[in-house]
Amino acid sequence: MSDRRDFLRQAVLSAMGVLLVGCDRISDSGTGPRILESAEGLTRRAQGLVSPASRLAKEFSVSDISPVFKANGTTMPTTEHYLALMRDGFRNYRLKVDGLVRRPGAWSFDELRTLGERTQITRHDCVEGWSAIGQWTGTPLAALLAAVEPTTSAKYVVFHCFDQWDDEVFYYESLDLKEARHPQTILAYSLNGETLPVGNGAPLRLRVERQLGYKHAKYIERIELVESFENIGDGNGGYWEDNGYEWYAGI
Amino acid sequence: MEMPITQRVYRHRWPVRVLHWVNVICLTVLIGSGLQIFNAHPNLSWGQTNTDEGTWLAMGASRGADNAPRGATTLLGHTFQTDGVLGASAVNGHHVQRGFPAWATIPGPTWLAMGRRWHFFFAWVFVINGLLYLAWSIGSGHFQKDLLPTRRDWRGFGQSIWDHLRLRHPHGDEALRYNILQRLAYLGVIAVLCGIALMGMAMSPRLDAAFPWLVDWVGGRQSARSIHFLLACAVVAFVAVHLFEVLVSGVVNQVRSMITGYYTVKMKEPHE
């Protein structure tokens with residue numbers, strides 16, 4: 001009987017070991033992750049069906065605001081260009097917009113404000129699992145896009161950022177035009193009624209409320225409209241996407 | 001001594017067998033990859049956001065004089081030394097800070113992006129498998145006939161608990177139908193698995209936009225994360241009891257019946 005029990009215990013432990021080693025092998029292979037990644041398209045389409053593109057994320061009240069809004073990822077870009085702008089209180093900052101647009105240009109804060117303003121109190125959900133609520137004020141991206149007039153071939157909005165990762169790669173992110181034109185997709189310059197702090201992405205950061213935190217690019221230097229993001233970075237549409245995370249971060 | 005009369009009976013129909021084993025694979029991967037995701041933020045909180053007051057579970061590590069992490073777990077305000085398992089454990093020979101140990105997570109080393117890939121792929125398989133199970137069970141009458149307790153089942157409630165405690169297992173015709181505790185356990189685990197799926201969806205920001213009442217109903221997104229975790233613990237407890245019962249009630253016969261469908265039953269108890 002005890003032989004049988006030992007055998008069973010050994011069998012269960014070996015099965016677990018084989019399973020875990022097997023999962024790690026699959027994770028490191030080429031085909032395995034591609035099969036696992038096929039779920040992303042299914043998730044995006046299914047969520048699009050049950051949660052229409054125009055649906056707003058829940059907005060909260062002032063009393064719900066988190067006492068501290070955690071600054072995650074880069075909290076202080078190090079390029080000389082950024083530091084020079086920061087020392088000056090970002091007075092000389094201009095948001096460059098180019099790529100597949102009829103009216104490329106550079107926008108000052110005053111010019112952005114003429115496009116309208118939106119304030120929203122929303123919950124920020126980090127891919128790590130934590131959440132925080134903050135009040136954001138900024139320029140609706142839809143208004144900026146209307147002003148720069150994307151050409152008919154433009155499909156994605158790419159956000160190029162000031163902050164560098166791994167000492168060389170610049171952070172970037174991308175959205176499709178539908179998500180970019182969502183009413184709650186804003187370029188925020190204010191958090192909780194104050195000028196946006198450096199730790200949270202000054203001078204300008206993206207808010208795209210129905211996706212996880214890494215989509216909300218901080219330290220935006222330039223916005224580019226493209227037909228495809230294949231030739232940017234490693235071609236997956238963002239810094240974290242190039243490191244294995246989903247481009248569609250609605251889950 | 002009289003020899004027992006045994007009979008081979010077709011007990012589990014093929015949909016139950018196939019869906020059962022698919023479910024085994026799904027739950028194994030979902031729990032392993034779920035713990036990998038948990039490790040990215042090894043704290044659980046009540047409410048919409050993370051607050052010190054709302055936190056009920058936290059895994060972390062302090063550093064001793066040798067600068068090596070000493071894992072500890074704080075549950076409901078009480079801190080336990082859990083070094084080596086929770087809070088800090090070995091990964092490829094290095095003692096590092098992490099929530100659950102590498103032997104429990106998929107992938108083993110810290111790799112959130114890949115953990116998410118595993119989790120969401122198998123979440124789809126699990127949900128489709130579960131819906132097929134519910135549709136077949138109700139359509140074929142399995143659910144109504146084998147799982148919903150009858151009045152007779154309820155009358156045997158006390159006796160069934162007493163039999164289970166003494167590890168006495170039914171023979172003859174009684175072995176061919178689910179007893180009251182089995183019925184309640186299976187119904188319970190179905191409800192728990194539905195709850196896990198719902199709480200998983202409640203954590204999705206895109207789905208929150210469509211169904212904000214779901215996350216509000218449980219008190220916030222971090223509450224949903226806590227409940228998702230607690231229900232997964234309940235599933236692990238169910239599996240432990242389930243495996244124990246399989247082991248003590250004739251493991252070969254039980255496992256074979258879930259593979260081939262045929263179960264051998266003693267029609268008469270041998271005299272002792």
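Q: What makes S2, S3, S4 and S5 of chain B an open sheet with edge strands?
A: In this predicted model, the four strands line up in the order S2-S3-S4-S5, with antiparallel pairing. Strand S2 (43–45) and strand S5 (78–81) of chain B each pair on one side only, and that makes them the edge strands. From one strand to the next, the twist averages 25 degrees.

Q: How do you know that S3(B) and S4(B) count as paired?
A: Pairing needs at least two bridges, and seven bridges join strand S3 (residues 55–63) of chain B to strand S4 (residues 69–75) of chain B. The two therefore pair, and they run antiparallel. For a place to look, try Ser62(B), which stands opposite Arg70(B) in S4(B).

Q: What makes S4(B) and S5(B) a pair as well, and what lies between them?
A: Four bridges join S4(B) to S5(B), set against the required minimum of two, so these strands pair too. They run antiparallel, and Thr74(B) stands opposite Thr79(B) in S5(B). The two strands form a hairpin with two residues between them. Leu76(B), in the turn, has a positive phi of about 50 degrees.

Q: Why is H6(B) called roughly antiparallel to H9(B)?
A: The axes of helix H6 (residues 180–202) and helix H9 (residues 221–248) of chain B cross at roughly 150 degrees. Angles over 145 degrees count as roughly antiparallel, so H6(B) and H9(B) earn that description. Their axes come within 9 Å, and the crossing is left-handed.

Q: What kinds of residue make up the contact of H6(B) with H9(B)?
A: They divide into 14 nonpolar, three polar and one charged. On the H6(B) side, the residues include Val189(B), Val192(B), Leu193(B) and Ile196(B). Those they meet in H9(B) include Ile227(B), Leu231(B), Val235(B) and Phe238(B). Gly counts as polar, so Gly195(B) and Gly200(B) of H6(B) fall in the polar group. Arg counts as charged, so Arg221(B) of H9(B) is the charged one.

Q: Which parts of chain A touch chain B, and what gives the largest share?
A: Helix H1 (2–28), helix H2 (31–50), strand S3 (118–125) and strand S4 (131–140) of chain A each give two or more residues. The largest share, eight residues, comes from H2(A). In total, 37 residues of chain A are in contact with 32 residues of chain B.

Q: How do the residues on that side of chain A divide by type?
A: There are 17 nonpolar, eleven polar and nine charged residues on the side of chain A that touches chain B.

Notes: Residues numbered from 1 in each chain as written. Chains lettered and ligands numbered in written order. Predicted model: local features only at pLDDT ≥ 70, side-chain atom pairs only at ≥ 80, totals over all residues. Axes fitted to C-alpha atoms, helices over the stretch in contact; angles between N-to-C directions. Parallel < 35°, antiparallel > 145°, perpendicular 65-115°, else oblique. Left-handed = near helix turned anticlockwise from the far one by under 90°. Contact = placed C-beta atoms within 7 Å.
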